[in-house]
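Me: Could you take a close look at the empty spaces in this model for me? I'd like to know what lines them and what is packed around them.

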Amino acid sequence: MRVRLWGTRGSVPAPGAGTARYGGNTSCVQVTLSDGTTIVLDAGTGIRALGLALDPPPGPIHILLTHLHLDHIQGLLFFTPLFNPGCEVTVWGPPTAGSLERLIGRYLSAPLSPVEVRELPSGPAFLACPGPEWQIGQAQVHARLVLHRGPTLGYRIVDGESSLCYLPDHEPALAESLDHVEDEWISGLGLARDASLLIHDCQYTDQEYAMHRGWGHSRLSDALDFATRSGAKRTLFFHHDPLHTDALLDELGEQAADRWRERGGGEGAIAMAMEGGELQI
Amino acid sequence: MVSVTDPHSAPTQQSLQLILARNLLSTLSSPAFIVDPDQIVVFYNDAAGNSLGIAYEETGKMPVTEWRARMGSIEANGNPIVEAELPTAVAQRERRPVHTTATVRIGQEDERVLEMLALPLIGPNDTYEGAVGIFWPRDAELE
């Protein structure tokens, strides 16, 4: 499967000269399965440029939302395939008290939006994930609720021998260090186990985390612990804080790589996610 | 590092509701424990470990039957509370919170009067995920 990163920023878009290399768009990852099926992970502002690139649409598009925080749905209104009556779009999301369409309609409705959900020309289907696993195209998709604020899913997409785990907003070490907890008690670890590629939250430096514990995001140390415990072959740290400039992310990336080597990890197995990055896994 | 697994296999781990419950319980000074839907005590906190005389890290999970045996005698109104009537068992069967006052004697300890509360954890789609049991020593509170 092929993976392309269209948005790697967390919380709010952060455009500007200081963030141009890692990118300012919020969460969006395109996954192209071996059979050509398109899966889109989250609909942050990165999905706008993806929509333009999918012209004409290659076939049915499946958007998998981890949760409904604005930085993960803000780009929906600007995703051009939704305005193409010939395009088949399915939006999958977490189990919630109300219907997914109604909840997204809070954003895609007046006065916040000039277009209502029911007016989208493609007539997208909005579906709660049907269970812990289901099939999309060639892939088996696994979904589990993970530790973040509000109902939030993590995903594992398995296509042949390749597997991608996506945990963009995740605070698995909220109450205690991951050092002392058995595997089965670590949020998201079952999804990430031995993944070909793990995309994981690393919003904060260790110093910043003290002021943000409980906000639903990970610091570098905990992201490294999680990556180590998962056994993932490659990890991209994701959901960069909007205050983190390219220079700071370079520095964090070096720290991460050094600490990964100290743990005996392989060279190049850990990196900071960069908008526009593309990988074949 | 975990062992290499079949990439197609379903992830095996506790539900988020139980993970969150463990996160909470591990920070409480009230003795507390978690029972899963299969009637396994899957976690108890340090305070519960102090009462039992053995820490979770030493025992790991155990069936409710064993947990009940380790608790020693548990009585309400002078009658033993059988396993099926333990608050966590009732919480699972009837999907409701359960409160009771019990007299407990563990090993050679003196009898203690405990307030016992069990809360069923109902997840999305009304899935029963387990129950949390919490004890408050009434005698300590009265001192």
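Reply: Happy to; here is a walk through the pocket, the cavity and the packing.

This is a predicted model, in which local features need pLDDT of at least 70 and side-chain atom pairs count only at pLDDT 80 or more, while totals for chains, interfaces and linings use all residues. Residues are numbered from 1 along each chain as its sequence is written, chains are lettered from A and ligands numbered from 1 in the order in which they are written, and side-chain values use heavy atoms, with hydrogens and water left out.

Let's begin with the open space. A pocket here is an open set of points on a 1 Å grid over the protein atoms alone, where a 1.4 Å probe fits, with protein on both sides within 12 Å along at least five of seven lines; lining residues have an atom within 4 Å of a point. The largest pocket holds about 580 Å³, a volume being the space filled by probe spheres set on points joined across faces, edges and corners. Its lining has 26 residues, with A:R144, A:L145, B:S15, B:Q17 and B:E129 nearest the centre. Two or more residues each come from β8 (139-145) of chain A and from α1 (16-25) and β8 of chain B; helices (H or I, at least four residues) and strands (E, at least two) are DSSP runs numbered from the N terminus. α1(B) gives the most, four residues.

Now for the enclosed space. A cavity is a set of points where the probe fits but cannot get out, and the structure has three of 30 Å³ or more. The largest cavity contains about 90 Å³. Among its 14 lining residues, B:F33, B:L86, B:P87, B:M116 and B:F135 are closest to the centre. In chain B, α4 (64-71), α5 (87-94), β7 (112-122) and β8 (128-137) each supply at least two residues of this lining.

One of those central residues, B:F135, is also a contact (heavy atoms within 4.5 Å) of B:W67, as are B:F33, B:V41, B:Y44, B:A48, B:L52 and B:M62, leaving aside neighbours within four places in sequence. B:W67 is in turn among the residues that touch the most other members of the 63-residue largest nonpolar core, along with A:W185, A:F237, B:I34 and B:Y44. Such a core is a set of buried Ala, Val, Leu, Ile, Met, Phe, Trp, Tyr and Cys residues joined through side-chain atoms within 4.5 Å, where buried means under 20% relative accessible area (1.4 Å probe, protein chains only).

Terms used. Buried < 20%, exposed > 50% of the residue type's maximum accessible area, 1.4 Å probe, protein only.
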